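Visitor: I am new to reading models like this one and would love a close look at a single part. Could you take me through chain A, and then its meeting with its partner?

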Amino acid sequence: MLENLFVGIAHWLRALLGGTGILPVEITESIVFLVKLVAVLIFILLNALWLVYMERKVAAYMQARIGPNRVGPKGLLQTTCDIGKLISKEIIIPKNVDLVVFLLAPVLIFVPTLMVFAVIPLGKNMAALDLNIGLFYLLAIASVSSLFFWMAGWSSNSKYSLVGSMRVVAQMVSYELPLILSLLGVIMITGSLNMSAIIDAQTKVWFIFTQPIAFLIYFIAAVAETNRTPFCLVEGESEIIAGPYTEYGGMAFAMFFLAEYANIMVICAVTTIVFLGGWHAPFEAFAIGGAHVFTWIPSWVWFFLKMYALIFVVMWFRWTFPRIRVDQLMGFGWKVLVPLALANIFVTGIGIYIYKAIGW
Amino acid sequence: MLKTQEYTLNFGPQHPATHGVFQVILTLDGEKIVKAEPICGYLHRGIEKLAEARTYTQVIPYTDRMDYLAAMLQNLGYVQAVEKLMEIEVPERAEYLRVITGELSRLTSHVLGTGVYALDIGAFTGFLVCFREREKMMDLLEELTGSRMTLSYARIGGVADDAPEGWLDKVDQLMDAMPGYIDEYNGLITGNEIFQARTKFVGQLSPETAVNYSLSGPVLRGSGVNYDLRKNMPYGIYDRFDFEVPLGTNGDCFDRFYCRVREMEQSVRIIKQAVEQIREVDGPVMGKAPKVLKPPKGDVYHEIESSKGIIGYYVVSDGSNKPYRVHVRRPSFVNLGYLDEMVRGYLIADLVAILGSIDIVLGEVDC
């Protein structure tokens, strides 16, 4: 019952709309599709709100503080109130900004994140769109976001913003490379770019065990992609104040802020799918007296458990590490991660060849 | 033909990493610093001039407002200068209390310096973890002096008040726990690979330059110059304590930072010894100083080791009850003098690291 909760809702909706007999099948399908997309949208936005709260609680826990605890039960409504305050604030527009670009950037920053979520399966049969080139689509769309940072930085007409956005472009372009290269090993093993196929290939063994190096490279590069500590040069609070966001205020700033959390969610979701077996329960075959112990928990719960565990790790990074310098960042990306990713592809290739030759 | 263009960046006065209202006008080539012009004075209050219109005792609270992070050491420098001028004897117990509060002040300042440096490098947790212990020390100082930061505890001829009952035990307890906390800082901040990569061999300062620019405090000792006034020219009763002067080897940001951390350990040692010795010393905490202080005509210069470096007080008396002139050699200001040469050729991120490693207090720089 719980396992198919969301799939069941979709079926029920389809049956309800189709059962009336008035609507043609195409319209029924497009309504169901629209409902799915809106559901994903609401899910992401609510999750971004929740993640801000979670980050503050995690930070507080690490810094021997209590964290938000006044608004709502256990401070749960804190972010809601913060957003309410930010919406009511004036968006100050400085002189000499490129107005159209300046105002478009915070709106567009959310677009790639939302588009990416279309192909992410959140549970068994729970992808809004099961593309056969899912992973490729995801990487292609996600890399667009550096453009919007650049838009924000350039149009602000401020030196801090400009320096910040130059850093963002350099960083995101250089870390895209190891990110993609690290995924190649997995794609070579599964032979597919489809998300569901990648998850299915991990029914027995997760790719974190067969591709540990790729996992590390991917995770490091992904943290760099989201501009989080220790790669938070883009904001680099103590150096360039807030980088591309320096001139933004009110909700425009909050959009960047929320987009960051949505991005964290994306990278953690992708890591879960590609390396941690997606919605598969660990030890699926393990059973006591014929009852499967781990699969009893619905697949989407497993997915979220893994994703939040990874998000916690990302937050843990942020509240432990200092920030690295821009030249060290570049050096690490090009001199360490890229060669390592290439070596990983090489070793994987040999491994696959041997595996086939032995015919295990 | 492509060519690059240098540009100017106003680093401050409103900037999160300048430790106050301080401006550096940077000429940059990309992110590389070509020239850095420090501009201070945004916090100038004219303390030296104000002192001329106050009686000798009334000057003490003004000294608090300079390096407000280690207020007792500022008080101490001034009162010892006047005592030197008037040849006033300070009772034993007061001397010990001065040492304890002075070293506690140094600890609060260094703990803050450590935490803020972590923040400059980008580790926010280090900052708040350091604040935890600072809070405990400030509670102790508040219990003794009634004030958390601007203590005004020293008096010409002694200290304001004796320690309340049980206070010394509390100090002793905290000092017992302190080495554990310092280990925690080392684990969280000093030992971190990224932190070391950011600070090692950045902003190197040779011992000769450090001496030539008359730098002092951890900045000087980080370069390996063994000069600590508490050892080299012991004032008060510092010759009675057993402690070491931590030194750096490379003269880089890391050494300056780590000197501060190890100095905390030494301060803890001094306080523990002082607490042990003061228990055997009884008596008044104020010496025989006249109610109206009228030092003889003449001038005096007295310097002590503050948390930031050597703080010197030059007091001129014309025989009246107000000082004719008070001049202060502020270590933060003098240490800042070499900033320009030190940051040239480094990146913006390194400027923050170097400025943080000098550990300035703008209240003292601008006076």
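What percentage of the contacts in chain A with a separation of 6 or more comes from residues 24 or more positions apart?

Guide: Happy to help! This is a predicted model, where local features need pLDDT of at least 70 and side-chain atom pairs count only at pLDDT 80 or more, while totals for chains, interfaces and linings use all residues. Residues are numbered from 1 along each chain as its sequence is written, with chains lettered from A and ligands numbered from 1 in the order in which they are written.

To your question: residues 24 or more positions apart make up 77% of those contacts in chain A. Two residues are in contact if their C-beta atoms, placed from the backbone, lie within 7 Å.

Chain A has 15 helices and 2 strands; these are DSSP runs numbered from the N terminus, helices being H or I with at least four residues and strands E with at least two. Its radius of gyration is 22 Å, close to the 21 Å that the globule rule gives for 360 residues, so chain A is as compact as a globular protein of that length. That radius is taken over C-alpha atoms, and the rule is 2.2 Å times the number of residues to the power 0.38. Along the principal axes, the C-alpha atoms of chain A fill a box of roughly 65 × 55 × 45 Å. Of the 360 residues, 43% count as buried, meaning that 20 or more other C-beta atoms, placed from the backbone, lie within 10 Å of a residue's own.

Now follow helix α8 of chain A, residues 159–190. Its 32 residues reach 47 Å from first C-alpha to last, close to the expected 46 Å (1.5 Å times one less than the number of residues). At A:L184, α8(A) bends by about 25 degrees, the angle between axes fitted to the seven residues ending there and the seven starting there. Just after α8(A), A:G191 takes a positive phi of about 75 degrees.

Finally, the partner. The contact takes 24 residues from chain A and 26 from chain B. On chain B's side, β1, α4, α5, α7 and α14 each supply at least two residues, and α5(B) gives the largest share, 5 residues. By class, that side has 18 nonpolar, 4 polar and 4 charged residues; Ala, Val, Leu, Ile, Met, Phe, Trp, Tyr, Cys and Pro count as nonpolar, Asp, Glu, Lys and Arg as charged, and the others, Gly among them, as polar.

Notes:
Buried ≥ 20, exposed ≤ 12 C-beta atoms within 10 Å, placed from the backbone.
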